[in-house]
Amino acid sequence: MPQIQPEAVLLDYDRRHVWHPYTSPTEPLPVYPVVAAHGVYLRLMDGRELIDGMSSWWCAIHGYNHPRLNTSLKEQAEKMAHVMFGGLTHEPAVSLARTLIDITPPNLQKVFFCDSGSVAVEVAMKMALQYQAALKLERRKHFLTIRGGYHGDTLGAMSVCDPVTGMHQLFSGALPVQFFAERPVSTNDEAWREDDIADFQTQLAGHHQEIAAVIMEPVVQGAGGMYFYAPEFLRRVRKLCDEYGVLLILDEIATGFGRTGRMFACEHAGVAPDIMCLGKALTGGYMSFAATLTTERVGEVIGRRDGVFMHGPTFMANPLACAVANASLDLLSEMDISTLIGGLASGLRRGLEPCRALPAVAEVRVLGAIGVVEMKKPVDVAALQREFVERGVWIRPFGRLVYIMPPYIITGAELDYLTSRMVEVIKTL
Ligand code: PMP
C-alpha cells in the first residue's frame, strides 16, 4: 500500500468539505496548505517559502508572527480572552478608542467596535438611517455611491458594491436598491476634469430627499477594480453632502493605517467624513475586528429620538482583538509612514515598470504600497497562482488585475524579488 501523504489527505478533505472565498462549492480552485508564517514569508506544508505580496488581503502590515503582537495577545489571553461588552468595559477597548480618536480626523469622537469590515459598514449604514429618521427625514432610506466600489459581503454592504463586479444580479430582488453615480476618471488632482463630478451632482440633486448618506472608499477603490481617483473628487463630494444635509461615510477598511502613504486616505483630500469604517490592518492582520467612528452630532441626534443605537454584536470590543490592535498601532506610531510607504512606492514603480511595454498589459498603476497591473483580458487565476508559487511568491490575482500590497516590513531586495517574478509571469501572457 502506498503511504498517503498528510498533505494529500488534508487537501482532499478541504476540497470536498471546506468552502473558500468566492469559489465554486463543486469545482473549487486549487489551494495551498500553509503551516507557518513569519516576517514576509508564508511556509507551505511541502517546505517551500513564499514571499507574501498580499498582506493577507491588506491586513498583515507588520508581517507575520511579530514578537510584539504575539506578546500582546499572550498577555491579554492570561488576563481575559473575552467578556461581553453589554454592561461591562475594559482597558484595552478604552485605550484603543482613545488612540483611534487621536489619529483619525478630529470631528470623529465616538467609536463602535465590531467584528469585521462588512459589519462595520452595516453599522455605518444603520447609524446614517437612524440619524436621518431622528431628524424626521423618514424618506432618507437609501445610499448614494460610485460605481467600482466594494464594501463587503453582507446584504447591506453588498447593495453599495459595484452592481457588476458585486454581481447584484445573483441577488436581484433581495438587495436594497441604491443610487450609483459614475466613478471619476481623473486619477490625480493635476489631471482633474470638472465633468467628473457631474453625474454625482445630478444624482444627489435629484434624489437627496431619499438619501441618508453617501458611502465611498477614499482615493483607492479596492476589490471593486483597484482604481485610484483624484482627491479633488472627495472634496467635491464632501461639499455636496454638506449642501444637501446628507452624511458622508468613508470606508477606510482597506486604505486605513498607512497603506496609501498617509495614515488614512481621506488625508490626501483633507476631508473628514461623518462616519468612518476601519478594519483589516486594525489588528495588524491578527484577527477579524473592525470599528465604526462617528461624530458627537450623529451620536447626539440618534440618542435624542431613539435613545439607543440598535446594534451590539456578541464579540463587540473583544479584549484580545483590542490588545493586539493597541500593539499594532504602537508599532505604526513608531514608523515614519510617508517615508516608509514612499520608499515602497518607488520600489513598486521601478519594479513594475517593465510591464508597461507588454502587449497583454492595459495599465500599470502604483499608489503608496499598492502596485497594480491591469491586463487587457481576465487572467486564469489558478494557472497564474501556480506560476507564482513555483517562483516563490504569493500573489492572488482577480479578474483582469494582478496586484500586490506587501507587508510594510518587506526589504528592498524582497520587493525586487516579488516584482521581478511578477513581471516574469506577466511576460508569458
Ligand atoms: N470594505 C472594504 C473597502 C474592503 O476592502 C473590505 C474587504 N475586502 C470590506 C469592506 C469587508 O471587510 P470584511 O471582509 O472584513 O468583512
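Which exposed residues does the face of α3 turned away from its buried side carry? I looked, and found P67, K74 and E78 there; exposed is over 50% relative accessible area, buried under 20% and partly exposed in between, with a 1.4 Å probe and protein chains only.

Note to self: this is a predicted model, where local features need pLDDT of at least 70 and side-chain atom pairs count only at pLDDT 80 or more, while totals for chains, interfaces and linings use all residues. Residues are numbered from 1 along each chain as its sequence is written, and side-chain values use heavy atoms, with hydrogens and water left out.

**Helix α3**

I went on to the other side of α3 and listed L69, N70, S72 and Q76 as its buried residues. Viewed down the axis of α3, these buried residues fall within an arc of 160°, so they line one face of the helix. The arc is taken from the directions from the helix axis to the C-beta atoms. For what covers them, I noted α4 (91-103) and α10 (319-333), among others; contact here is heavy atoms within 4.5 Å. Helices are DSSP runs (H or I, at least four residues), strands likewise (E, at least two), and both are numbered from the N terminus.

I checked the length too. With 13 residues (67-79) at 1.5 Å a residue, α3 should span 18 Å, and its end C-alpha atoms are 19 Å apart, which agrees. The expected span is 1.5 Å times one less than the number of residues.

**Salt bridges**

I got 22 salt bridges in the structure, each a side-chain nitrogen of Lys or Arg within 4 Å of a carboxyl oxygen of Asp or Glu.

I started with D12 and R16, whose closest N and O atoms are 2.8 Å apart. Both sit in helix α1 (residues 6-17), four residues apart, about one turn of the helix. An α-helix has 3.6 residues a turn, so residues three or four places apart point the same way. D12 is partly exposed at 36% relative accessible area, and R16 is exposed at 53%.

Next I looked at R236 and E194, with 2.6 Å between the closest N and O atoms. This pair links distant parts of the chain, 42 residues apart: R236 is in helix α8 (residues 231-244), E194 in the loop between β6 (179-181) and α7 (198-207). R236 is partly exposed at 22%, as is E194 at 47%.

Last, I found R356 and E353 meeting at 3.0 Å, N to O. R356 comes out partly exposed at 44% and E353 partly exposed at 41%. I also traced a network in which salt bridges that share partners join D189, E194, E232, R235 and R236.
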